[in-house]
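Trainee: Please take one part of this chain and go through it closely. I would like to know what surrounds it and how it sits in the rest of the fold.

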Amino acid sequence: MIGILGFVAVFAGGRWLGWAARWVWLLAWGWLLVLLLAHAPYMPPELGAFVGGEFRGWFVLGVLAALALAYRTGLRRLQGRVAPVVAEARPGAFSAVELDRYARHILLREIGGPGQKRLKAAKVLVVGAGGLGSPALLYLAASGVGVIGVIDGDAVEGSNLQRQIIHTDARIGMPKVFSADVAMKALNPFIEVRPYHRQLEEGFAAELVAEYDLVLDGTDNFDTRYLVNRVCAAAGKPLISAAITQWEGQISLYDPTHGGPCFECVFPVRPAPGMVPTCAEAGVAAPLPGVIGAMMAMEAVKHLTGAGQGLRGRLMIHDALYAETRVIGVKRRAGCAACGGG
Ligand SMILES: [Zn+2]
């Protein structure tokens, strides 16, 4: 009985926690091994009685499961051979399907074929799969950014769905990064998504950021915001950071390595705890993170392809309630603790 309950727990638990199928299967094979070992001749018979069943029964189950898996894998290979769409094209080269997909980008003089290749070769890390992360991630995926990392420790809640449009009602309870992974791959199977289901922390932030060319920060807490900025400044990685509250949003590109200020140059004093309310405390208009998050993706595409003029040294402030947008100049600050100032 315990043996069967173990399998039920592995498959139901894996589904509930949103694990990838291969990890669930690995755990299931591990459990089968435990059951077989429990019935091994040199083991005390009480152990075998405790987990239930008998050695031969579990062995036959394992053989049957292996045969079924082999059959399914073979069938998928055959289907893959017949299917004309090749999702995993050679790196750097576009398949005909990809050329068709990105045709509207390639038509733009400022992006063109070379720009689209740069997008495909790019690795972008998005911190937070919430309100700002939702449109930013979807548009990065649709734009054809080759590798998209997303880090977030939360799970999807019903109250998120008023604005966090990358998630769905059916995925309430699933970790946000896995829900975002599903949505991005459904939109564009030609990209690689790397979900990290955890909060960004000091211990591994530098190592993670080092793997990426550009970082987008859409978190709603100041600890993470200042941490991301410090790590990016130290690693010389450009950072597109945005924030929203109620009806207003702001966005800039912080790139002290190339002359602009860092986030801490512009906002040197961290607000006292409780002074700046989060969306959960103060409320937020549903489309606002859509507006600002889409701007984050827009600035990312421009930065990666070299199109137009980005927001380095400029802070864009959008007041949705009165439909007004202002851009103000921002400078490096001497003695900045994060980037050293200019
Ligand atoms: Zn600075």
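Mentor: Start away from the part we will end on, with Leu75, which is in helix H4 (residues 55-82). The model is predicted, so what follows describes a prediction. Leu75 has 10 other C-beta atoms within 10 Å, and because the limit for exposed is 12 or fewer, Leu75 counts as exposed. Its C-alpha is 53 Å from that of Met316, a residue 241 positions away along the chain. The domain assignment splits the protein chain into domain 1 (2-82) and domain 2 (119-329). Between the centres of these two domains, taken over C-alpha atoms, there are 40 Å.

UniProt, in an unreviewed entry, lists residues 23-43, 55-71 and 124-151 under "transmembrane region". In the model, residues 55-71 are 100% helix and 0% strand, with end C-alpha atoms 24 Å apart. The span 124-151 is 39% helix and 32% strand, and its end C-alpha atoms lie 11 Å apart. The same kind of record, again unreviewed, gives "domain: THIF-type NAD/FAD binding fold" for residues 102-336. That stretch is 36% helix and 19% strand, and 41 Å lie between its end C-alpha atoms.

Now the part for the close look: strand E4 (214-217) and what lies around it. Is E4 covered on its faces, or open? Both faces are covered: Leu214 and Leu216 are buried on one side, and Val215 and Asp217 are buried on the other. E4 has strand partners as well. It runs parallel to E1, with four bridges joining them. One of the pairings with E1 links Val127 to Asp217 of E4. E4 also runs parallel to E5, and three bridges join that pair. Val215 stands opposite Leu239 in E5, and Asp217 has Ser241 of E5 as a bridge partner. Asp217 is thus a bridge partner of Val127 and of Ser241. E5 itself is mostly covered, with six of its seven residues buried.

Residues of this strand also belong to the packing of the interior. The largest nonpolar core has 66 residues, and Val215 is one of those with the most contacts inside it, along with Val124, Leu137, Ile148, Met296 and Ala300. The element that gives the most to this core is helix H14 (residues 288-305), which supplies eight residues. Ala300 shows the link back to E4: leaving aside its neighbours within four places in sequence, Ala300 is in contact with Leu214 and Leu216, as well as with Val124, Leu140 and Ile240. Apart from this core lies another one, of five residues, among them Leu32, Leu35, Ala38 and Val51.

Helix H11 (residues 222-235) is another element to place beside E4. It has 14 residues and reaches 20 Å from its first C-alpha to its last, close to the 20 Å expected at 1.5 Å a residue. Its buried residues are Arg225, Leu227, Val228, Asn229, Val231, Cys232 and Ala233. An α-helix has 3.6 residues a turn, so residues three or four places apart point the same way. What covers the buried residues of H11? The cover includes strand E4, strand E1 (123-127), strand E5 (239-245) and strand E6 (248-254), together with helix H10 (202-209) and helix H12 (263-266). Just after H11, Gly236 takes a positive phi of about 70°.

For contrast with the buried strand, take Asp154, in the loop between strand E2 (147-151) and helix H9 (176-187). Asp154 counts as partly exposed because it has 15 C-beta neighbours inside 10 Å. The C-alpha atoms of Asp154 and Ala129 are 8.5 Å apart, although the two residues are 25 apart in sequence.

Set against the whole chain, the part reads as follows. The protein chain has 14 helices and eight strands. Of its 342 residues, 36% count as buried. Its C-alpha atoms fill a box of roughly 75 × 50 × 35 Å, taken along the principal axes. Among contacts with a separation of 6 or more, 67% are between residues 24 or more positions apart. The contact of Ala300 with Leu214 joins two elements from separate stretches of the sequence, and the strand at the centre of this account is covered on both faces.

Notes. Residues are numbered from 1 along each chain as its sequence is written. This is a predicted model: local features need pLDDT of at least 70, side-chain atom pairs count only at pLDDT 80 or more; totals for chains, interfaces and linings use all residues. Helices (H or I, at least four residues) and strands (E, at least two) are DSSP runs, numbered from the N terminus. The expected span of a helix is 1.5 Å times one less than its number of residues. A residue is buried if 20 or more other C-beta atoms lie within 10 Å of its own, exposed if 12 or fewer, and partly exposed in between; C-beta atoms are placed from the backbone. Two residues are in contact if their C-beta atoms, placed from the backbone, lie within 7 Å. UniProt positions are given in the numbering used here, feature names are shortened, and annotations may be inferred rather than shown by experiment. A nonpolar core is a set of buried Ala, Val, Leu, Ile, Met, Phe, Trp, Tyr and Cys residues joined through C-beta atoms within 7 Å. Domain bounds come from an automatic or database domain assignment. Two strands pair if DSSP finds at least two bridges between them.
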